[in-house]
Amino acid sequence: MSLQKASSSRVFVELVPWADRGQENNLVSSGETLLGQRRPLSLAQGQTSTREVHVSGTAEVSASPDRAQVVVLVSSTKEAAAEAKKSVCRRLDYITQSLQQQGLQSENVTVTKDIRRVENAYHMEAEVCITFTEFGKMQNICNFLVEKLDSSVVISQPQFYHTPGSVENLRRQACLVAVENAWRKAQEVCNLVGQTLGKPLLIKEEEMKEWEDQIDDHQSSRLSSSLTVQQKIKSATIHAASKVFITFEVKGKEKKKKHL
């Protein structure tokens, strides 16, 4: 997963208290605000005035697909059903044994069989659906099967995809990086104006977008079969972008105590 940090474009800082201490005491007793509005202030409002910095942060992250699926199709047409089964099962056993020798777990291999009559003969098909997590191993196995088996065995092009957990993790990473970017910006702003950044008062994700590197629709049907493995991986890569808004408390610079 690649992370690309992007800074935000909005900052608001409030460094001046709403009222100084003497004015606050008068306002509490008279029930008047600084602007002369006839709105009484609570005791808590009179005694405290929170200074804040408001920042927005954005981030974009991407993730390549973490799964690939390949389908191997074995078929045979014979006058006798037993002969069709024998022809298919012989090659099917060779395929499954080869997958086991390459270290593939049984839960990643699904086999389905089907036999039907075609005019005066029997046609049997077996479909081996293989799920890969290592794309290098996938290429090695597919190349091996192409070399060892005849043309009656059809090996599909790999289909790359993301598991639900990987997509959710991508969204979470985008949000976390956006929050980190906002925090760094607020930290730098406070340092610039001689203040200390305090605790966050509000964290809000305002926007989340995700998309894939898809081929143009008018080219997809023509080019999908001719794409290389790396091009297929790139076209299945998912991007996620997050935008957050955060309000931080602002504190004055802490004075160092003099030790006598």
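Start by selecting Phe144: at 28% relative accessibility it counts as partly exposed (buried means under 20% relative accessible area, exposed over 50%, partly exposed in between, with a 1.4 Å probe and protein chains only). A word on what you have loaded: this is a predicted model, where local features need pLDDT of at least 70, side-chain atom pairs count only at pLDDT 80 or more, and totals for chains, interfaces and linings use all residues. Residues are numbered from 1 along each chain as its sequence is written, and side-chain values use heavy atoms, with hydrogens and water left out.

**Stop one: the rings**

How many aromatic pairs does the structure hold? There are 2, where rings of Phe, Tyr and Trp (its six-membered ring) pair if their centres lie within 6.5 Å; planes under 30 degrees apart count as stacked, over 60 as edge-to-face and the rest as tilted. Add Tyr94 to your selection, and you have the stacked pair Tyr94 and Phe144, at 6.5 Å centre to centre with 15 degrees between the planes. Tyr94 sits in helix H3 (residues 81–101) and Phe144 in helix H4 (residues 135–148), so this pair ties together parts that are 50 residues apart in sequence. Helices (H or I, at least four residues) and strands (E, at least two) are DSSP runs, numbered from the N terminus. Tyr94 is partly exposed too, with a relative accessible area of 31%.

Now pick Phe135 and Phe160. Their ring centres are 5.0 Å apart and their planes stand at 80 degrees, so this pair is edge-to-face. It links distant parts of the chain, with Phe135 in helix H4 and Phe160 in strand S8 (residues 159–161), 25 residues apart. Buried or exposed? Phe135 counts as buried at 17% relative accessibility, and Phe160 is buried with a relative accessible area of 12%.

**Stop two: back to H3**

Select Leu92, which is found in helix H3 and counts as buried at 5% relative accessibility. What does Leu92 touch, leaving aside its neighbours within four places in sequence? Its contacts (heavy atoms within 4.5 Å) are Val111, Lys113, Ala126 and Val128. Draw a C-alpha to C-alpha distance from Leu92 to Val128 and you should get 8.3 Å, for two residues 36 apart in sequence.

Ser87 lies in H3 as well, and it is buried, with a relative accessible area of 11%. Beyond its neighbours within four places in sequence, Ser87 is in contact with Ser76 and Lys78.

**Stop three: the strands around S4**

Show strand S4 (residues 67–78) with its partners; two strands pair if DSSP finds at least two bridges between them. S4 and strand S6 (residues 121–132) run antiparallel, joined by 11 bridges. Zoom in on Val72, which stands opposite Val128 in S6. The bridge partner of Val72 in S7 is Ile155, and 3 bridges join S4 to the antiparallel strand S7 (residues 153–155). S8 also pairs with S4 in the antiparallel sense, over 3 bridges, with Tyr161 as the partner of Arg67.

**Last stop: H5**

Select helix H5 (residues 164–192). At 1.5 Å a residue, its 29 residues should span 42 Å, and its end C-alpha atoms are 43 Å apart, which agrees; the expected span is 1.5 Å times one less than the number of residues. Colour its buried residues, among them Val167, Leu170, Ala174, Val177 and Ala178. An α-helix has 3.6 residues a turn, so residues three or four places apart point the same way. Finish at Gly194, just after H5, where phi is positive at about 75 degrees.
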